[in-house]
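Here is a short note on this entry, point by point. It covers the sheets, the helices packed on them, and the cysteines.

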Amino acid sequence: MTSPLSSHASVVVIGGGIMGCSTLYHLAQMGVGDAILLERNALTSGTTWHSAAQVRALRHSRNLTRMIRYSVDLYSRLEQETGQSVGWIQKGSLSIATTPDRMTHIRRQEALAHAYGIEAHSIDAEEAKERWPLMNAEDVLGAVWSPEDGRVSPSDVCAALVKGARGLGARIFERTGVTGILTENGRVRGVETTQGTVMCDAIALCTGLWSREIGAMAGAQVPALACEHFYLLTKPVEGIVGNMPTLSDHDSHLYIRDDSGGLLVGCFEPMGKPIPPGVLDETFEFGLLPEDWDHFEPMMLNALHRLPALETAEVKMLLNGPESFTPDGSFMLGETAETQGLFLGCGMNSVGIASGGGAGMNLAHCIVHGHTAYDLGEADAKRFAPVFNSLDHLMARAPEILGTHYEIAYPGKQLATARDLRRLPLDAEYRAARAHMGQVYGWERPLYFNKTAEPRPTFGRPDWFEITGAEVTAAHERAAIFDASPFGKIEVKGPDAEVFLLRCCAGFMGRAPGSVIYTAVLNERGTFESDLTAQRIAPDHYRLFTGTNAIKRDLAWFRRHAEGFDVTLTDSTEEYAVLGLMGPEAARIASAVGASELTGIGYFKHGEAQIAGHHVRAARLSYVGEAGWEITCRAQNARAIHAALTGAGAVPAGLYAQTSMRIEKGFCAMGHELDSDVTPIDAGLDFATRKKGGFIGAEALAEARDKGRAPRVISLRFDDADAVPLGHEPVLLDGQIIGQTTSCAFGYRVGRPVALAHLSGSLPANGTSVMVDIARTLHAATVVHGPLYDADGARMKG
């Protein structure tokens, strides 16, 4: 007989798939012995049961790779711990290339694997054919062999996790559907179910295909949508003996492996099929969708080309099982911005089994300790703009995301669907200037101007190379306008504004009104939650400027630390436009438009003026290494002010020019050089922290300082002007990997490709020659401590 539902649990896990089972197991491992799991049907009955269950360790970042390697270790450990087989089969994976660009792509992946300590080897077509004899290799140029990869039985993995969790006191309630989530003052209080109500302190929402609807019960936005996912199963095929490696033919959108003596041929076709809400209702248990041979036919033709044996193989079924996808192809993990105590572990984008062990551990860690075990910013549950939760946008975007699963990772690649969601105040002017737009947090931002055609995808020198160079030259020799309007803006007002920010920020927030302050925002571990600039407008009023895609996360952070302070926090992002006027002619242009008083503003100070009859607040600072101001104005006045500035000689410059100049200047950026594993000491930014402490993270930072922690970020100038680093490339010294590039571009002011890099140990001496592995070709670069280009001494012309 099933035991009665608990009236209270510290944590309620909703959903009995791989993420829910893993999270419950790890909560129990971390001492949450009263955690419970609710599943409205049966364990694994949504997506998990029909997963192809590939476990490929390599991902595009070190920590995502680390997370999946944890999954591999966990799955092998579970068998010993619980006695439950998980069906782990480690036969490796084989990624083939049939185009030169795919070959470059998989060689970049091989280089990444070496940086992350994963075994991977380039092999020729002949050896690839030996490893997969049924493959037609006539058009194969080469391959990468990864012997550590494998697969599991998804239902058996979940059974082992549940057995381990129960052994530690956790309880599972199947046939217990969630009908509501109780909240009070923006915090979860309990869960209403078909079997009664459970009061709780936290909820782990691991509901896969239904996450958007369940999240809405708690007032949270969970932008995920189900799409159809297909794989073909055959009866036994001659030549399949035992288990074989997984074969990845991504140019054909296919993955292939053996299955019970036959073949499993799956695809991530270029454009998937979305599933409208309501189709998958509460009765969808161990369910499949109808076969769709018309949709699968192009993939079938690709499969027949790669596997001639399919022509005579007897088809068992075309499995059509739903999977959930997010707007950017990464899962969601962590506490929501809208509702405290509601933690997401969903939107797995068809990599749930590979990710589930490590993602469940990190979600449990986040619930118990307040943060993931290591930085997983790319999976942050707070990263999406609210506009992406629109059903129309998800129905358009999710099918494209499915199709990007096997795309070549070209630099500058932009998604085509769900565009023009948020337009800048100067959108019409930028389109008239033939801007090539990129989407950031829903905003359409100009990447470069004077586009003559759609840029061709390439790993070589891009079509925008000369155009971006001209924009950098304009900023360096004359004056350019960089649009920073999408930067998040937070108004902090009230009698406690200063003391509140002194607590939340590591920088010198007590400076007088009229000051601009750069500050780190740290957690208790002394690592970055964010970095931002603040303008102190009055004793009781600051305006914070944070990253474009950080506003939701940062505003939630500040609000959750505002208890006990007499302050109000307001998102003013869309009220203001920000135009960066940068370059040696900036002062002349300011005078020409009637704002000569700007020239009297000191560095890291701000002041007021009028341009085109409109009030502006100009801050004397630069993100590009050229003198100038960031000019804030009301959004509705931006067009007139922009017209005045361009009429006086300033030219527009895009995000690519800004990034190139940032890297030359050695400025670190969140998500590149800075994240929640990095301290200000590591990034060379300890000078901007208060040594007297008093802020969140001060003790941890002081301890790191006392232990001799040292900077780990360097600049690199490449010897070969034709090298094209993109980021994440291994950096080697004397044949040993010592770090990775974090931001890369061509440095037009120094005439060479440039990069910032994060090293794992002590810094090589200034001027040391190192090698950078770009797609398995080594390129020499010189280590520079500090900026590659320094405009100190360059002054604005009067």
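1. Two strands count as paired if DSSP finds at least two bridges between them. The model is a predicted one. In it, eight strands make up an open sheet with mixed pairing. Their order is S5-S6-S4-S13-S14-S15-S12-S16. Strand S5 (121-123) and strand S16 (315-325) are the edge strands, and each pairs on one side only. From one strand to the next, the twist averages 25 degrees.

2. Within this sheet, look at strand S14 (residues 254-259) and strand S15 (residues 262-267). They pair in the antiparallel sense, over six bridges. For a register check, Arg 257 stands opposite Leu 264 in S15.

3. Helix H7 (residues 293-306) packs on the sheet. The strands it touches are S4 (93-97), S12 (225-234), S13 (246-249), S14, S15 and S16. The direction of H7 makes about 45 degrees with that of S12.

4. Helix H9 (residues 391-404) also packs on the sheet. H9 touches S12 and S16. Its direction makes about 30 degrees with that of S12.

5. Five strands form an open sheet with antiparallel pairing, in the order S24-S25-S26-S23-S27. Strand S24 (516-522) and strand S27 (568-571) stand at its edges. Each has a single partner strand, so one side of each is left without a neighbour in the sheet. Neighbouring strands here are turned by 30 degrees against each other on average, direction ignored.

6. Strand S23 (residues 488-493) pairs with strand S26 (residues 541-546) in the antiparallel sense, over six bridges. What is the bridge partner of Glu 491 in S26? The partner is Arg 543.

7. Helix H12 (residues 497-504) packs on this five-stranded sheet. H12 touches S23, S24, S25 (528-538), S26 and S27. Its direction makes about 35 degrees with that of S26.

8. Now the cysteines. A disulfide is a covalent bond between the sulfur atoms of two cysteines. The cut-off applied is a pair of cysteine sulfur atoms within 2.5 Å. By this rule the count is zero disulfides. Cys 200 is in none; the nearest cysteine sulfur, that of Cys 206, is 13 Å away. Cys 200 has 3% relative accessibility and so counts as buried.

9. Why is Cys 227 without a bond to Cys 267? Its sulfur is 12 Å from that of Cys 267, the closest cysteine sulfur, which is too far for a bond. Cys 227 has 0% relative accessibility and therefore counts as buried.

Technical notes: Residues are numbered from 1 along each chain as its sequence is written. This is a predicted model: local features need pLDDT of at least 70, side-chain atom pairs count only at pLDDT 80 or more; totals for chains, interfaces and linings use all residues. Side-chain values use heavy atoms; hydrogens and water are left out. Helices (H or I, at least four residues) and strands (E, at least two) are DSSP runs, numbered from the N terminus. Axes are lines fitted to C-alpha atoms, for helices over the stretch in contact, and angles run from 0 to 180 degrees between N-to-C directions. Contact means heavy atoms within 4.5 Å. Buried means under 20% relative accessible area, exposed over 50%, partly exposed in between (1.4 Å probe, protein chains only).
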